[in-house]
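Visitor: I have a model open and would like to go through the contacts with you. Could we begin with how you use the terms?

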Amino acid sequence: MAKQKPRPKNPRKTSPHRRPRKNFPIKAGFRAGDSPPLKSDGELDSQEPMRLNRFIAHSGICGRREADTLIERGEIAVNGKVVKELGTKVIPGIDKVIYKGKEIYPEKKVYVLYNKPKNEITTLKDPKGRPTVMDVMKRATDERIFPVGRLDRNTTGLLLFTNDGDLAKKLTHPSHKVRKVYKVKLNKPVDPEHLDLLQAGIELEDGLAKVDKISYVDGTENRQIGLEIHIGKNRVVRRMFENLGYQVLSLDRTMLGHLTKKNLPRGKWRFLKEKEIAFLKMT
């Protein structure tokens with residue numbers, strides 16, 4: 001009787017090239033009970049429940065803390081019923097969330113940097129029909145975005161637009177000390193003593209105002225000044241110089257946080273890169 005050949009071993013068990021079985025772990029940085037992750041395109045995963053205040057914040061109405069206030073006041077309804085419990089969760093695309101009689105939707109977060117020219121007003125709509133910054137932003141995106149802070153009509157330079165309410169509040173609140181750098185052209189040479197006074201602080205009608213750093217711009221006969229400031233008072237740079245007897249001929253914001261005007265001509269805009277957005281949120 002012929003000997004039977006030994007049966008070959010299962011190659012799936014013995015092959016050194018066998019790929020390990022995947023256990024499909026939860027994505028790094030996401031734990032049970034956390035807010036739902038975003039899809040790769042930045043949109044919310046509509047199959048995952050999320051806290052109601054986060055849903056409201058993603059709709060662009062306000063930040064999360066303000067959303068909590070709206071909920072406690074009974075101004076938010078979910079599926080036809082007023083909700084006042086802060087821990088309430090909803091599912092985007094399934095639950096119907098109503099604010100002021102209208103349904104709201106979470107939006108994709110958008111961040112647009114604009115190099116504003118003169119004669120554009122930082123407002124959503126001008127009753128006099130003058131050009132506004134929003135006329136340009138309508139061409140940038142279909143999402144509802146708003147300016148973070150403002151520049152007056154004759155001030156040029158960097159202006160950020162977003163529908164991220166939490167980030168907007170952070171960037172505009174003085175406690176976060178987000179730096180803004182300006183280049184100022186004046187009608188006459190600036191006295192060195194006035195530079196010291198501006199850094200020490202000047203009392204204006206709405207309180208003390210001071211710059212963080214200030215210096216002359218080389219080659220301008222002391223008629224142009226570079227300064228860094230973080231306070232957010234209305235027209236504060238112009239008012240400080242006017243208080244000292246100077247007329248501001250031009251005012252240009254050259255930096256906002258770490259963002260600069262590099263490769264961004266006047267009147268042009270661009271979307272922020274992911275690294276820039278992350279850096280702003282860590283500021």
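Guide: Let us begin with the salt bridge, which is a side-chain nitrogen of Lys or Arg within 4 Å of a carboxyl oxygen of Asp or Glu. Please keep in mind throughout that this is a predicted model.

Visitor: Fine. How many salt bridges does the structure hold?

Guide: The structure holds 14 salt bridges. One of them is formed by the side chains of Asp 166 and Arg 64, with 3.5 Å from N to O. That pair links distant parts of the chain, since Asp 166 belongs to helix α5 (residues 165-172) and Arg 64 to helix α3 (residues 64-72), 102 residues apart.

Visitor: And how accessible is Asp 166?

Guide: Asp 166 counts as partly exposed, at 34% relative accessibility, and Arg 64 is partly exposed with a relative accessible area of 34%.

Visitor: What about Arg 179, which residue does its side chain meet in a salt bridge?

Guide: The side chain of Arg 179 meets that of Glu 228, at 3.7 Å from N to O. Arg 179 lies in the loop between α5 and β10 (180-186), whereas Glu 228 is in strand β14 (residues 224-229), so this salt bridge ties together parts that are 49 residues apart in sequence.

Visitor: Is Glu 228 buried or exposed?

Guide: Glu 228 is buried, with a relative accessible area of 14%, while its partner Arg 179 is partly exposed at 32%. Elsewhere, salt bridges that share partners join Asp 152, Arg 235, Arg 238 and Glu 242 into one network.

Visitor: What about Glu 75, which partner does it have?

Guide: The side chain of Glu 75 meets that of Arg 73 in a salt bridge, 3.8 Å from N to O. Glu 75 counts as partly exposed at 29% relative accessibility, and Arg 73 counts as exposed at 58%.

Visitor: Changing topic, let's look at the strands. How many residues of β7 are buried?

Guide: Strand β7 (residues 111-116) is mostly covered, with six of its six residues buried. Tyr 111, Leu 113 and Asn 115 point one way from β7, Val 112, Tyr 114 and Lys 116 point the other way, and all of them are buried.

Visitor: Is there a general pattern behind that?

Guide: In a regular strand the side chains alternate between the two faces of the sheet.

Visitor: Which strands does β7 pair with?

Guide: Six bridges join β7 to strand β9 (residues 155-162), and the two run antiparallel. β7 also pairs with strand β17 (residues 269-271) in the antiparallel sense, over three bridges. Leu 113 shows both pairings: its bridge partner in β9 is Leu 160, and in β17 it stands opposite Arg 270.

Visitor: Back to α5 for a moment. Which of its residues are buried, and what do they pack against?

Guide: The buried residues of α5 are Gly 165, Leu 167, Lys 170 and Leu 171. They pack against β7, β9 and α8 (274-282), so the strand we just discussed, β7, is one of the elements that α5 packs against. At the start of the helix, a side-chain oxygen of Asp 164 reaches to within 3.3 Å of the backbone nitrogen of Asp 166, and Asp 166 is the residue that meets Arg 64 in a salt bridge.

Visitor: Now the aromatics. How many aromatic pairs does a search of the whole structure find?

Guide: The search finds three aromatic pairs. In one of them, the rings of Phe 241 and Tyr 246 have their centres 6.3 Å apart and their planes at 80°, so that pair is edge-to-face. Both Phe 241 and Tyr 246 are buried. Trp 269 and Phe 271 also form an edge-to-face pair, with 5.3 Å centre to centre and 80° between the planes.

Visitor: How accessible are Trp 269 and Phe 271?

Guide: Trp 269 counts as partly exposed at 29% relative accessibility, and Phe 271 counts as partly exposed at 41%.

Visitor: Which charged end sits over the ring of Tyr 246?

Guide: That is the charged end of Lys 188, which sits over the ring of Tyr 246 at 5.2 Å from its centre.

Visitor: Last one, the overall picture?

Guide: The secondary structure comes to eight helices and 17 strands, and buried residues make up 40% of the 283 residues in the protein. Of the contacts with a separation of 6 or more, 62% are accounted for by residues 24 or more positions apart.

Key:
Residues numbered from 1 in each chain as written. Predicted model: local features only at pLDDT ≥ 70, side-chain atom pairs only at ≥ 80, totals over all residues. Heavy atoms only, no water. Helix = DSSP H or I, 4+ residues; strand = E, 2+ residues; numbered from the N terminus. Buried < 20%, exposed > 50% of the residue type's maximum accessible area, 1.4 Å probe, protein only. Pairing = 2+ DSSP bridges. Contact = heavy atoms within 4.5 Å. Polar contact = N/O pair within 3.5 Å; in protein donor to acceptor, adjacent residues only side chain to side chain. Phe/Tyr/Trp six-rings, centres within 6.5 Å; stacked < 30°, edge-to-face > 60°. Lys NZ or Arg CZ within 6 Å of the ring centre and 35° of its normal.
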